[in-house]
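Here is a walk through one protein model, from the cysteines to the cores. Keep the sequence and the 3D view open side by side.

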Amino acid sequence: MVTISRIQSCRARWFLTSLPIVLFVAACLCAPRALADSTTSYTGTLSSPEDYATETLTLTASSTVVLQTWSFGGGTNGSGTAISAGGFDPLLAIFSGTGSGAEILTDSLGDAIATADTFTNFSSFMGCPPAGQVDIGGDVCGDITMSLTLDPGTYTFLLSDANYIPVAVDEGAGGELGDGFFDLTGGAFQTCNVVGSTTTCADDTANWAFDVTTSGGGGGTAPAPEPATLILLGMGLLSVGADPKLRDKLRRL
């Protein structure tokens, strides 16, 4: 016959032996699990210089979002597709929401989050490399790399010719996608480069291409169990091991 003190002794030894395992499992559950980055590649052709393309993205958690254009200087996009150089020099702008009522995003200074190689802020967003450059009386970078952290929500990315500028970019906070465009294209896709007193121009195609990469697929890190849940889990595991009757029942299931 097994005495009460013998059972209690076994339980004590089981507790001491199993506690490190329970703590290890809890630590694994506590560790946040970063989800892989997700890249979506978009390509298309504008119908005219007075046209534009939009794509939307919905984030369920704060995420770093990187936009990269390819079609001006060419390169290999996130899908592994080779993009030919020769497209128009693009403008990228980011709006919060969708449709004509989407509002232009602004930075801490109140400036619209938008750029093109004709903008004074382009040096902060030059995307070459990874995109290539085009010789137009000298090497010209017209592609864009834009990286920023966005809160949960739905966003609209707008791409147009560098000379077809959303009015919202000039308006800043409160400016909407439906407010129209300033048309400085002259009805043609063309990029000009001025070196000294010499101006060299190249005709562009209507092709465009850009990638959108979100860290963690737009979901940040996978949520970990709450500490109280982990404590209950550990107590439950220890209870199962410490109670011989409960162990016997589980064996018969």
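Does Cys141 count as buried or exposed? Cys141 has a relative accessibility of 9%, so Cys141 counts as buried. The cut-off for that label is under 20% relative accessible area. Bear in mind that this is a predicted model.

Cys141 has a bonded partner. Cys128 and Cys141 form a disulfide, with their sulfur atoms 2.1 Å apart. The link of Cys128 and Cys141 is right-handed, with 85° about the S-S bond. The pair links distant parts of the chain, 13 residues apart. Cys128 sits in the loop between strand 9 (114-116) and strand 10 (134-135). Cys141 sits in the loop between strand 11 (139-140) and strand 12. Cys128 is buried too, with a relative accessible area of 16%.

Stay at Cys128 for the backbone. Most residues other than glycine have a negative phi, and most peptide bonds are trans. The peptide bond from Cys128 to Pro129 is cis, with omega near -5°. Step along to the bond that joins Pro129 and Pro130. That bond is also cis, and its omega is about 15°. Pro129 lies in the loop between strand 9 and strand 10. Pro130 has its place in the loop between strand 9 and strand 10 as well.

How many disulfides does the count come to? The count comes to two disulfides. Cys192 and Cys201 form a disulfide, and their sulfur atoms are 1.9 Å apart. The link of Cys192 and Cys201 is right-handed, with 105° about the S-S bond. Look at how these cysteines are covered. Cys192 has 41% relative accessibility, so Cys192 counts as partly exposed. Cys201 has 40% and counts as partly exposed. Counting bonded cysteines along the chain, the disulfides follow the pattern 1-2, 3-4.

Now zoom out to the whole protein. The protein has four helices and 19 strands. Of its 253 residues, 36% are buried. Take the contacts between residues at least 6 apart in sequence: 71% of them join residues at least 24 apart. The accessible surface comes to about 13500 Å², and 56% of that surface belongs to carbon and sulfur atoms.

Turn next to the interior. The largest nonpolar core has 32 residues. Those with the most contacts inside this core are Val65, Leu67, Ile94, Met146, Phe157, Trp208 and Val212. Which elements give two or more residues to the core? They are strand 3 (52-59), strand 4 (63-69), strand 7, strand 12 (145-150), strand 13 (153-161) and strand 18 (207-214). Strand 18 gives the most, with four residues.

Pick Leu67 to see the packing residue by residue. Set aside its neighbours within four places in sequence. Leu67 is then in contact with Leu92, Ile94, Ile144, Thr145, Met146, Leu148, Phe157, Phe210, Asp211 and Val212. Another core lies apart from the largest one. This other core has 17 residues, among them Leu91, Ala93, Ala112 and Leu158.

Strand 12 deserves a look of its own. In a regular strand the side chains alternate between the two faces of the sheet. Along strand 12, Met146, Leu148 and Leu150 point to one face and are buried. Thr145, Ser147 and Thr149 point to the other face and are not buried. Strand 12 pairs with strand 4 in the antiparallel sense, over six bridges. Use Thr64 as a marker: its bridge partner in strand 12 is Thr149.

Finish with the aromatic rings. A search of the whole structure finds five aromatic pairs. Phe88 and Phe189 form one that is stacked, at 5.2 Å centre to centre with 20° between the planes. What does this pair tie together? Phe88 lies in the loop between strand 6 (82-83) and strand 7 (90-96), and Phe189 lies in the loop between strand 15 (181-183) and strand 16 (190-195), so the pair ties together parts that are 101 residues apart in sequence. Phe88 is at 0% relative accessibility and counts as buried. Phe189 is buried, with a relative accessible area of 12%. Elsewhere, ring pairs link Tyr42, Trp208 and Phe210 into a cluster. Trp208 has already appeared, among the residues with the most contacts inside the largest core.

Technical notes. Residues are numbered from 1 along each chain as its sequence is written. This is a predicted model: local features need pLDDT of at least 70, side-chain atom pairs count only at pLDDT 80 or more; totals for chains, interfaces and linings use all residues. Side-chain values use heavy atoms; hydrogens and water are left out. Buried means under 20% relative accessible area, exposed over 50%, partly exposed in between (1.4 Å probe, protein chains only). Contact means heavy atoms within 4.5 Å. Accessible areas come from the Shrake-Rupley method with a 1.4 Å probe; for residues, only the protein chains shown count as cover. Rings of Phe, Tyr and Trp (its six-membered ring) pair if their centres lie within 6.5 Å; planes under 30 degrees apart count as stacked, over 60 as edge-to-face and the rest as tilted. A nonpolar core is a set of buried Ala, Val, Leu, Ile, Met, Phe, Trp, Tyr and Cys residues joined through side-chain atoms within 4.5 Å. Two strands pair if DSSP finds at least two bridges between them. A disulfide is a pair of cysteine sulfur atoms within 2.5 Å.
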